[in-house]
Amino acid sequence: MNSGKSQSTNNMTVLWIIGAFLALIIGGVIIAQATPLLFPPQGSAESLQVDDLFKFMLAIGGAIFLLVQGAIVYSVIRFRAKPGDLSDGANIHGNATLELVWTAIPAVIVLVLTVYSYQVWVSTREIKPNEQTVYGRGARFVWSFSYDVPASSVPSDVEVDKLPPNIQDAITNDSSFPITSRELHTFVGQPIKMVLDTSDTLHAFWIPAMRMKQDLISGRTTEIRFTPIQAGEFPVVCAELCGGGHGDMRASIIVHADETEYLSWFSDQVNLVVYPPDDPVLRGEQVLASGQYPCSGCHTLTALSWAGITGPNLNGIGDRAATVRSAATGETPEEYIHRSLYHPAEYLVPGFGALMPQFQPDAGQPNFMPVDDNKAIVAYLCTQTATGESACDLSNLDAIIAAGD
Ligand code: CUA
């Protein structure tokens, strides 16, 4: 009789363990399936693999969470002290079987996760045969993206001698030249290789919708790859604390539906550069709007929709250059703006620190800004006045440049 009773108790225990085990697995799977509902859209081929890996880990983590919480709740109810019972609990020594089980199961889980995540890592970093290279640059506190334009794609009717020297060189040597955009453009199905660098401190390039994140490291380039699978506009975020404007360091990736739509955007950008406006004011506006220089990260300039706050506000800079700043520096407004770009540390506006990159006029130097770009930017900023009239006499500018550094 006795042995029959303990046999049925054992059977019940086994059934309970199997039932609890199934409940844990089902609970883990429910947690894994429900949580990704909060995720950003799956914008890239890689995002599918990354999400599958994440859900797999979440199912395991969810089951362990339910096991631990379930054991706590069960113990609180089952083993609570009876009223008036102040004695110590039973003294339990080691249990070799239990210790083996709780060592072996996590070891197997870690091993499986290692193999699985290594496969995903290798697969998402694979070099694709038809990938397009896009250069991404981080600067406090703005992103810019550059594309190589082969000289052969420049229309034959452009006036070559009006173009910037680097484009003239590219046309002469049949090589390529860069164009810059503040947004990252591509199209569905085009594998992208991002080559990333930073002009100042550490940043991290993160496109949540692509499930891609990569640090930008001073003094070297880093790479990351992805293939968009969904058309639309998605945020690009900086994920590394890089200074006071870190939270505003955002951009967009625009995934066009097909190559035709993308090429139409691309040729518009090329045309802006190879048919530069004659008016230096318009050219300056175009250079600033392209994001080629990271000014928008720190300065506010409503005319260009800039909203940075770590540097001086540039609204009305033409008027101030001609009055307050001229009085402070003894320089003409055009000289003040021109030299502020090449020697920012000597022209600190009270209340602002020396954060601005020092632009330099010679190719090959860090933060290269050709003199032509500097002149165009000066021409444009001089028109930021209450009346819209230029505050400067630009005919002085060449003499200023010839005389000084
Ligand atoms: Cu760049 Cu944070």
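## Worked exercises on a three-domain chain

For its 405 residues, a compact globule would come out with a radius of gyration near 22 Å, yet this chain has 31 Å. Keep in mind that the model is predicted.

**Exercise 1. Work out how the chain is laid out overall.**

Step 1: start with the box. Along the principal axes, the C-alpha atoms fill roughly 115 × 55 × 35 Å.

Step 2: put that beside the radius of gyration, 31 Å against the 22 Å or so of a compact globule.

Step 3: split the chain up. The domain assignment gives domain 1 (8-73 + 99-124), domain 2 (132-274) and domain 3 (280-402).

Step 4: tally the secondary structure, which comes to eleven helices and twelve strands.

**Exercise 2. Describe how domain 2 and domain 3 meet.**

Step 1: get the spacing. Their C-alpha centres are 24 Å apart, and the contact draws 13 residues from domain 2 and 14 residues from domain 3.

Step 2: size it up. The size of an interface is often quoted as accessible area lost when the parts come together. Here domain 2 and domain 3 bury about 1,100 Å² between them, with 53% of it on carbon and sulfur atoms.

Step 3: find the big contributors. On the domain 2 side, Arg 140, Phe 141 and Arg 182 lose the most area to domain 3, together 43% of what that side buries.

Step 4: check the polar side of things. Salt bridges between domain 2 and domain 3 number zero, while three residue pairs are in polar contact across the interface.

Step 5: map the domain 2 side onto elements. β2 (142-150), β3 (176-181) and α5 (259-274) each supply at least two residues of the side that touches domain 3. Sorted by class, that side of domain 2 has five nonpolar, six polar and two charged residues.

**Exercise 3. Pick out the backbone oddities and place them.**

Step 1: recall the baseline. Most residues other than glycine have a negative phi, and most peptide bonds are trans.

Step 2: look at the peptide bonds. The one joining Arg 140 and Phe 141 is cis, with omega about 0°. Phe 141 sits in the loop between β1 (132-139) and β2.

Step 3: tie this back to Exercise 2. Arg 140 and Phe 141 are among the domain 2 residues that lose the most area to domain 3.

Step 4: look at phi. Asp 174 is not a glycine, but its phi is positive, about 50°. You'll find Asp 174 in the loop between α4 (165-173) and β3.

Definitions and conventions:
Residues numbered from 1 in each chain as written. Predicted model: local features only at pLDDT ≥ 70, side-chain atom pairs only at ≥ 80, totals over all residues. Heavy atoms only, no water. Domains from an automatic or database assignment. Contact = heavy atoms within 4.5 Å. Buried area = accessible area lost by both parts, 1.4 Å probe. Salt bridge = Lys/Arg side-chain N within 4 Å of Asp/Glu carboxyl O. Polar contact = N/O pair within 3.5 Å; in protein donor to acceptor, adjacent residues only side chain to side chain. Helix = DSSP H or I, 4+ residues; strand = E, 2+ residues; numbered from the N terminus. Nonpolar A, V, L, I, M, F, W, Y, C, P; charged D, E, K, R; others polar. Rg over C-alpha atoms; globule rule 2.2 N^0.38 Å.
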